[in-house]
Amino acid sequence: MAVFTEVTEAQANDLMQALNLGRLTALRGIEGGIENTNYFATTDQGEYVLTLFERLTHEQLPFYLFLMKHLAGRGIPVPDPSANRDGDVLHTLNGKPAAVVNKLAGKSQLQPQAVHCAAVGDMLARMHLAGADYNRSQPNLRGLPWWNETVPVVLPYLDLPQAALVRSELAYQNHIAEGAAYAALPRGPVHADLFRDNVMFDGEQLTGFFDFYFAGVDTWLFDLAVCLNDWCIDLPTGAHDSTRAQALVQAYNRVRPLSAAERALLPALLRAGALRFWISRLWDYHLPREAAMLTPHDPTHFERVLRGRVQQPISLPDLV
């Protein structure tokens, strides 16, 4: 995670003690990612993650924090935000909104096999069902309206073939979103960013989903598509891995069987997931913010994934 806002040990210690989490013994900035400032904070009572939010506001954040609390209460392994004596889970540090959550056990599996993908599919479906009755609502802030706003901003940085692809795909996604099949897709809270580095494993055992700060209410199929576009893709080439994809989708479908509309629109939503992350990576790469440990992701990876999803569409019968 990039460190945009520096936090001193004294500041972190004061917050940890206000949350009754003990005395700070170590504080370390976390590398990787580009949205928030994250630190590992160790106290004499345990290990925690301290997050300062660089883009999200005090008004937006309760949706994410209480969603995690809701899911944790339903047995989904997610970080549980710590409350102060007044019951508040949203705090302020250095003028920024902040939260402290427990550190999940395990480590990210960056070279997943079919068994890891199956575990992700199973837990993703359980998470969707657990969140179905969550009583707060907020749209996916990186959904179609954001794509429509951001594409004109990144277009000047693209060559002609790239510009043609992003324009045509955006038009296609707007067309899909206007259709009756899309309106019929089941919806609820989604993670919307469940990449390999946002899941923890202990061996083959999944120990947690984290980093919910792109979550929002969207189609559950979009969430599944985002997962397939990371967990089931060969990173060097952007090529689809059918063995891993079958494991993930079959495990998901056993817990929450996919509807007819979802089966029909999976190829289109796989394209949507690739477009979303190509646009955001173009934006982060060409219009970066300053940060102490900021390394923008390569946007061309998701350009390759999108081209693959357009040229070789994957349908659900290929996977289930």
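# Cavity, pocket and salt bridges

The lining of the second largest cavity is made up of six nonpolar residues, two polar ones and no charged ones. Here Ala, Val, Leu, Ile, Met, Phe, Trp, Tyr, Cys and Pro count as nonpolar, Asp, Glu, Lys and Arg as charged, and the others, Gly among them, as polar. The model is predicted, with local features needing pLDDT of at least 70 and side-chain atom pairs pLDDT 80 or more, while totals for chains, interfaces and linings use all residues. Residues are numbered from 1 along each chain as its sequence is written, and side-chain values use heavy atoms, without hydrogens and water.

**Exercise 1.** Find which residues line the second largest cavity, and which elements each supply at least two of them.

*Step 1.* A cavity is a set of points on a 1 Å grid over the protein atoms alone where a 1.4 Å probe fits but cannot get out, and lining residues have an atom within 4 Å of a point. The structure holds two cavities of 30 Å³ or more.

*Step 2.* The second largest cavity contains about 40 Å³ of space, a volume being the space filled by probe spheres set on grid points joined across faces, edges and corners.

*Step 3.* Its lining consists of Leu-67, Leu-71, Met-127, Gly-131, Pro-189, Val-190, His-191 and Phe-212.

*Step 4.* At least two lining residues come from each of α2 (61-73) and β6 (187-190). Such elements are DSSP runs numbered from the N terminus: helices (H or I) of at least four residues and strands (E) of at least two.

**Exercise 2.** Describe the second largest pocket by its volume, its lining and the element that gives the most to that lining.

*Step 1.* A pocket is an open set of points with protein on both sides within 12 Å along at least five of seven lines. The second largest pocket has a volume of about 250 Å³.

*Step 2.* Its lining has 19 residues, and Gly-143, Leu-144, Pro-145, Tyr-182 and Asp-218 are those nearest the centre. Two or more lining residues come from each of α4 (144-154), α5 (160-177), β9 (216-219) and α9 (260-286).

*Step 3.* With four residues, α4 makes the greatest contribution.

*Step 4.* By class, the pocket lining holds 13 nonpolar, four polar and two charged residues.

**Exercise 3.** Count the salt bridges, then place Asp-122 and Arg-126 along their helix.

*Step 1.* A salt bridge needs a side-chain nitrogen of Lys or Arg within 4 Å of a carboxyl oxygen of Asp or Glu. This rule yields 10 salt bridges.

*Step 2.* Asp-122 pairs with Arg-126 at 2.8 Å, N to O.

*Step 3.* Both belong to helix α3 (residues 114-130), and because they are four residues apart, about one helical turn separates them.

**Exercise 4.** Decide for Glu-262 and Arg-256, then for Arg-244 and Asp-241, whether each residue is buried or partly exposed.

*Step 1.* Buried means under 20% relative accessible area, exposed over 50%, and partly exposed in between (1.4 Å probe, protein chains only).

*Step 2.* Glu-262 and Arg-256 form a salt bridge at 2.5 Å, N to O. Glu-262 has a relative accessible area of 1% and is therefore buried; Arg-256, at 8%, is buried as well.

*Step 3.* Arg-244 and Asp-241 form a salt bridge at 3.0 Å, N to O. Arg-244 is buried at 11%, whereas Asp-241 is partly exposed at 23%.
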